[in-house]
Amino acid sequence: MNKKVPERKCMGCNIRRPKGELVRVVRIKDGSVVLDKTGKVSGRGAYICPDIKCYNKARKAKRFETNLEISIPEEIYDALASQLEQGGGDKNNG
């Protein structure tokens, strides 16, 4: 019996991939936005490939704001980008 692998769509490239290959961006209860390395943080989530190109494409099209239903300040975007570039989305890192 094969277990079905959950898939999610990347906000940047719009390609469906297994959930474990994507980085989850989460709006938590206090209204802040964080990268979720574990996939278990409670809150509204959206997924992107662990590639800065997909991140930039999603940011330019305001897909984070649309999917997370929140206005996101530039400082948060910059912090997310630097985390992603440093491997913050790498699930083996944390």
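**Exercise 1. The sheet**

Over how many bridges do strand β3 (residues 23-27) and β5 pair, and in which sense? Work out the rest of the sheet from there.

Before starting: this is a predicted model, so local features need pLDDT of at least 70, side-chain atom pairs count only at pLDDT 80 or more, and totals for chains, interfaces and linings use all residues. Residues are numbered from 1 along each chain as its sequence is written, and side-chain values use heavy atoms, with hydrogens and water left out.

*Solution.*

Step 1. Find the elements. Helices (H or I, at least four residues) and strands (E, at least two) are DSSP runs, numbered from the N terminus.

Step 2. Look at the pair. β3 and β5 run antiparallel and share 5 bridges; two strands count as paired if DSSP finds at least two bridges between them. One of the contacts to look up is valine 26, whose bridge partner in β5 is glycine 45. As background, strands of a sheet pair through backbone hydrogen bonds, either parallel or antiparallel.

Step 3. Add the remaining strand. The sheet is open, has 3 strands in the order β4-β3-β5, and pairs in the antiparallel sense. β4 (33-36) and β5 sit at the edges, each pairing on one side only. On average, neighbouring strands here are turned by 30° against each other, direction ignored.

Step 4. Put the helix on. α3 lies across β3, β4 and β5, at about 15° to β4. Axes are lines fitted to C-alpha atoms, for helices over the stretch in contact, and angles run from 0 to 180 degrees between N-to-C directions.

**Exercise 2. The two sides of a helix**

Which residues of helix α1 (residues 52-60) are buried, and which exposed residues are on the face turned away from them?

*Solution.*

Step 1. Sort by accessibility. Buried means under 20% relative accessible area, exposed over 50%, and partly exposed in between (1.4 Å probe, protein chains only). Cys54, Tyr55 and Ala58 are buried. They cover an arc of only 100° around the axis, so they are on the same side of α1; the arc is that of the directions from the helix axis to the C-beta atoms.

Step 2. Turn the helix over. The face away from the buried side carries exposed Lys53 and Lys60.

Step 3. See what does the covering. The cover over the buried residues includes β5 (44-48), α2 (63-68) and α3 (74-85); contact means heavy atoms within 4.5 Å.

Step 4. Check the ends. Aspartate 51 caps the N-terminal end of α1, with a side-chain oxygen 3.0 Å from the backbone nitrogen of lysine 53. After α1 comes lysine 62, whose phi is positive, near 60°.

**Exercise 3. Two buried polar side chains**

What do the side chains of tyrosine 55 and arginine 24 reach?

*Solution.*

Step 1. Take tyrosine 55, in α1. At 1% relative accessibility, this tyrosine counts as buried. Its side chain reaches the backbone oxygen of tyrosine 77 at 2.5 Å. That is a polar contact: a pair of N or O atoms within 3.5 Å where, within protein, one must be able to donate a hydrogen and the other to accept it, and residues adjacent in sequence count only if both atoms are side-chain atoms. Leaving out residues up to four places away in sequence, tyrosine 55 also touches others, including Ile48, Phe64 and Leu84.

Step 2. Take arginine 24, in β3. Arginine 24 is buried too, at 9% relative accessibility. A polar atom of its side chain lies 2.7 Å from the backbone oxygen of valine 41. With the sequence neighbours up to four places away not counted, the residues arginine 24 touches include Val34, Asp36, Arg44 and Tyr47.

**Exercise 4. Cysteines**

How many disulfides does a search of the whole structure find?

*Solution.*

Step 1. Apply the cut-off. A disulfide is a pair of cysteine sulfur atoms within 2.5 Å, and the search finds 0.

Step 2. Go through the distances. For cysteine 10, the nearest cysteine sulfur is that of cysteine 49, 3.5 Å away. For cysteine 54, the nearest is that of cysteine 10, at 3.8 Å.

Step 3. Check burial. Cysteine 10 has a relative accessible area of 1% and is buried; cysteine 54, at 10%, counts as buried as well.

**Exercise 5. Positive phi**

Where is asparagine 14, and where is glutamate 69?

*Solution.*

Step 1. Asparagine 14 is in the loop between β1 (7-9) and β2 (16-18). Although not a glycine, asparagine 14 has a positive phi of about 60°, and is partly exposed at 42%.

Step 2. Glutamate 69 is in the loop between α2 and α3. Its phi is positive too, near 55°, and this residue is exposed, at 54%.
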